[in-house]
Amino acid sequence: MSGTLLRLHAVGAALALATLSLTACGDDLDQVKLTMAAGSPGGVYHKLSMALADAWTREPGIPRAQVANTAGSVDNLDRLRANQAQVGFSAADAAEEKQKGPAGHKLYALARMHDDYLQLIVRDDLPATKLADLKNLRVSVGARDSGVWLIAQRLLQSAGMSPETDLKVQYMDLPTSANAMRDGALDAFFWSGGVPTDAVTTLATTVKLRMLDLGDVLPKLRQTYPVYGSATLPASAYEQIGGGPVVTLVVRNFLLVNDTMSDDVAEALVRGLFQAQPALVAASPVARSIEVRSAIETTPIELHPGAMRYYRDVKV
């Protein structure tokens with residue numbers, strides 16, 4: 001048998017095992033095996049994934065999920081649709097786009113989690129005041145296959161810009177972007193996350209920073225992509241960063257699963273999620289915003305039937 005066929009048989013067997021492991025119910029929860037697509041270490045997704053993996057071993061009492069490091073939302077979604085992971089975090093925009101794609105497992109939501117804010121960070125010694133002013137500058141648009149990269153592409157398109165021709169573009173995750181700016185090798189970077197983000201706060205202790213206002217490009221962007229919201233971040237959002245309030249983009253984050261998961265397991269995971277909220281808040285302050293009534297707001301991704309059963313049970 002050829003090497004290719006052997007690999008295909010191995011993948012098929014692994015996927016079958018993963019599917020069987022997610023059909024457990026009731027007293028069989030201790031047989032469930034989960035892999036979580038968790039984003040990069042140090043990020044909010046990863047912190048919450050680690051906390052959930054620990055919490056779910058207590059309630060509902062499943063073996064500790066394997067927490068897989070990934071590039072971010074797009075990578076997480078690819079793994080969910082390929083059943084290389086059964087649970088993962090994603091921004092709503094990336095999930096909407098990926099659900100439209102070709103063959104793959106269907107995505108379901110367990111809960112709306114926290115909201116992220118797009119932060120376009122620039123060196124304070126630059127004259128840039130809006131997105132178009134970044135032309136010909138050294139700009140990181142996020143790691144490839146990340147939710148940051150998806151938003152950056154769409155924002156630049158709305159401003160009539162191309163990352164490849166109008167920017168000296170770099171594809172860096174947040175830690176790499178912060179290090180490059182600290183070393184003088186980067187002028188600006190895109191980041192989507194909670195406010196404040198630790199890496200940005202720490203960078204501001206060594207480099208003078210500003211956040212750009214996106215009010216001039218958001219109307220066109222939101223007309224094309226209604227999945228996004230907008231908000232005004234007050235100057236107090238980052239006490240270490242100069243400048244006044246800025247208008248920026250808001251995107252919701254979901255905890256997702258795929259269609260291999262049984263209703264019983266999905267319901268048990270959601271119940272465990274809300275019981276674990278103190279541990280989630282300890283892992284990241286963004287978890288304070290997670291609450292049962294807003295958790296059902298997962299449009300455009302359908303709630304898993306097992307999750308729906310939980311929310312009906314608690315009378316949402």
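**Local features of the predicted model**

In this predicted model, Lys315 is placed in the segment that follows α12. The backbone at Lys315 has a positive phi of about 65°, although this residue is not a glycine. With a relative accessible area of 66%, Lys315 is exposed, since a residue is counted as exposed over 50%. The C-alpha atom of Lys315 is separated by 40 Å from that of Val217, the two residues being 98 places apart along the chain.

Val217 itself belongs to the loop that runs between β8 (209-211) and α9 (218-224). In contrast to the exposed Lys315, Val217 has a relative accessibility of 5% and therefore counts as buried. When neighbours within four places in sequence are left aside, the residues in contact with Val217 are Leu131, Leu155, Ser158 and Ala159.

A positive phi also occurs at Asn83, where the angle is about 60° although the residue is not a glycine. Asn83 is located in the loop between α3 and β3 (87-91), and its relative accessible area of 3% places Asn83 among the buried residues. The two residues with positive phi described here thus differ in their surroundings, because Asn83 is buried whereas Lys315 is exposed.

Two cis peptide bonds can be described in loops of the model. One of them joins Glu59 and Pro60, with omega at about 20°, and Pro60 is situated in the loop between α2 (44-58) and β2 (66-68). Another joins Thr299 and Pro300, with omega at about 15°, and Pro300 is found in the loop that connects α11 and α12.

Side chains of opposite charge can pair when their charged atoms come close. The structure as a whole holds 16 salt bridges, among them one between Asp75 and Arg79, for which the N to O distance is 3.2 Å. Asp75 and Arg79 are four residues apart in helix α3 (residues 73-81), so about one helical turn separates them. Asp75 counts as buried, at 16% relative accessibility, while Arg79, at 23%, counts as partly exposed.

Helix α3 also contributes to a salt bridge that reaches beyond the helix itself, in which Lys98 pairs with Asp78 and the closest N and O atoms are 2.8 Å apart. This pair links distant parts of the chain, as Lys98 lies in helix α4 (residues 92-99) and Asp78 in helix α3, 20 residues apart. Both partners count as partly exposed, Lys98 at 23% relative accessibility and Asp78 with a relative accessible area of 34%.

A further salt bridge is formed by Arg112 and Glu297, with the closest N and O atoms 2.5 Å apart. Arg112 lies in strand β4 (residues 107-123) and Glu297 in the loop between α11 (277-283) and α12 (305-313), so that this pair ties together parts of the chain that are 185 residues apart in sequence. Arg112 is buried, with a relative accessible area of 14%, whereas Glu297 is partly exposed, with a relative accessible area of 38%. The loop that holds Glu297 is also the place of Pro300 and its cis peptide bond. Beyond these pairs, Asp264, Glu267, Arg271, Arg309 and Asp313 are linked with one another in a network of salt bridges.

Strand β10 (residues 246-258) is mostly covered, as twelve of its 13 residues are buried. Several strands run antiparallel to β10 and are joined to it by bridges, including β3, which is connected to β10 by five bridges. Within this pairing, Phe89 has Leu255 of β10 as its bridge partner. Strand β4, in which Arg112 lies, is joined to β10 by eight bridges, and these two strands likewise run antiparallel. Leu107 stands opposite Asn258 in β10. Strand β9 (residues 229-233) is also antiparallel to β10 and is joined to it by five bridges, with Ser230 standing opposite Leu249 of β10.

Terms used. Residues are numbered from 1 along each chain as its sequence is written. This is a predicted model: local features need pLDDT of at least 70, side-chain atom pairs count only at pLDDT 80 or more; totals for chains, interfaces and linings use all residues. Side-chain values use heavy atoms; hydrogens and water are left out. Buried means under 20% relative accessible area, exposed over 50%, partly exposed in between (1.4 Å probe, protein chains only). Contact means heavy atoms within 4.5 Å. A salt bridge is a side-chain nitrogen of Lys or Arg within 4 Å of a carboxyl oxygen of Asp or Glu. Two strands pair if DSSP finds at least two bridges between them.
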